Amino acid sequence: MPRGKQAGSRSKTYVALLRGINLGAKKRVSMPDLRGLITSLGADDVTTYVQSGNVVFKSAEGSEKLTAAIERRIRRDLGLTVTVLLRTKPQLTKVVAGNPFAKRVKDRTKLHVTFLAEKPNRAHIRGLDPEHGAPDEFRVVGLEVYLHCPNGYGRSKLTNAYFEKELGVAATTRNWRTVTKLAELAGGPPA
């Protein structure tokens, strides 16, 4: 991938969500190394947020190419196999605006979003048990699963692994504070 902006092409703002890094002792990635890696792929204005693999940046490349390039470079440079999910600024703005639980749930710490790598098969979505993990609730909307976990995500059965298994797609989950902060860093409206 070329370095810097390509002549005649427009940069888009992206948010990269890396799955499963810096959880315990496995898949350790420093944020300076991650920023350097993304910058080396020609991205501009690279910012990381917290240690769980959230990167906001600008690039003229398309999302499929970027996803593959970032995963390949992490594997080559850091020796890790990591799934990367990308969202554009408009997509993330839509995620924040579309949370079906946001209006009725006052405690935002009980809200999470599971980001899906691709749109799941409709039959898999219909096969999800709405009572699984009750009193926790979920709604699948496009490439996201919105979660309301009244007793906290740490106690929920609506885990990343559950949705990956049931929907057959890679996924990564972020708390609502992180989602809204990433939208803000990407230049979206505050939630």
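Across which strands does helix α1 lie, and at what angle does it run to β2? In this predicted model, helix α1 (residues 31-40) lies across β1, β2 and β3 (54-59). Its direction is at about 155 degrees to β2. A second helix, α2 (residues 63-78), lies across β1, β3 and β4. Helix α2 runs at about 145 degrees to β4.

The strands beneath these labels belong to one sheet. The sheet is open, has four strands and follows the order β2-β3-β1-β4. Its pairing is antiparallel. Strands β2 (44-49) and β4 (84-88) form the edges, each pairing on one side only. From one strand to the next, the twist averages 20 degrees. Strand β1 (residues 12-18) and β4 run antiparallel and are joined by five bridges. Within this pair, leucine 17 has leucine 85 of β4 as its bridge partner.

Strand β5 (residues 111-116) has other partners. Five bridges join β5 to strand β7 (residues 144-148), and the two run antiparallel. Here histidine 112 stands opposite leucine 147 of β7. Five bridges also join β5 to strand β8 (residues 171-175), again with antiparallel directions. In that pairing, valine 113 is opposite arginine 174 of β8.

Burial of β5 was examined next. Six of the six residues of β5 are buried, so the strand is largely enclosed by the rest of the structure. The side chains point two ways. Leu111, Val113 and Phe115 point one way from β5. His112, Thr114 and Leu116 point the other way. Residues of both sets are buried, the cut-off being under 20% relative accessible area. Thus His112, which stands opposite leucine 147, is buried. Val113, which stands opposite arginine 174, is buried as well.

Helix packing was considered last. The axes of helix α3 (residues 89-97) and helix α6 (residues 176-185) come within 9 Å. They cross at roughly 140 degrees. That angle makes α3 oblique to α6, because only values over 145 degrees count as roughly antiparallel. The crossing is left-handed. On the α3 side, the contact is made by Leu92, Val95 and Val96. On the α6 side, Trp176, Val179, Thr180, Leu182 and Ala183 take part. By class, the contact has seven nonpolar residues and one polar residue. No charged residues contribute to the contact of α3 with α6.

Notes
Residues numbered from 1 in each chain as written. Predicted model: local features only at pLDDT ≥ 70, side-chain atom pairs only at ≥ 80, totals over all residues. Heavy atoms only, no water. Buried < 20%, exposed > 50% of the residue type's maximum accessible area, 1.4 Å probe, protein only. Pairing = 2+ DSSP bridges. Axes fitted to C-alpha atoms, helices over the stretch in contact; angles between N-to-C directions. Contact = heavy atoms within 4.5 Å. Parallel < 35°, antiparallel > 145°, perpendicular 65-115°, else oblique. Left-handed = near helix turned anticlockwise from the far one by under 90°. Nonpolar A, V, L, I, M, F, W, Y, C, P; charged D, E, K, R; others polar.
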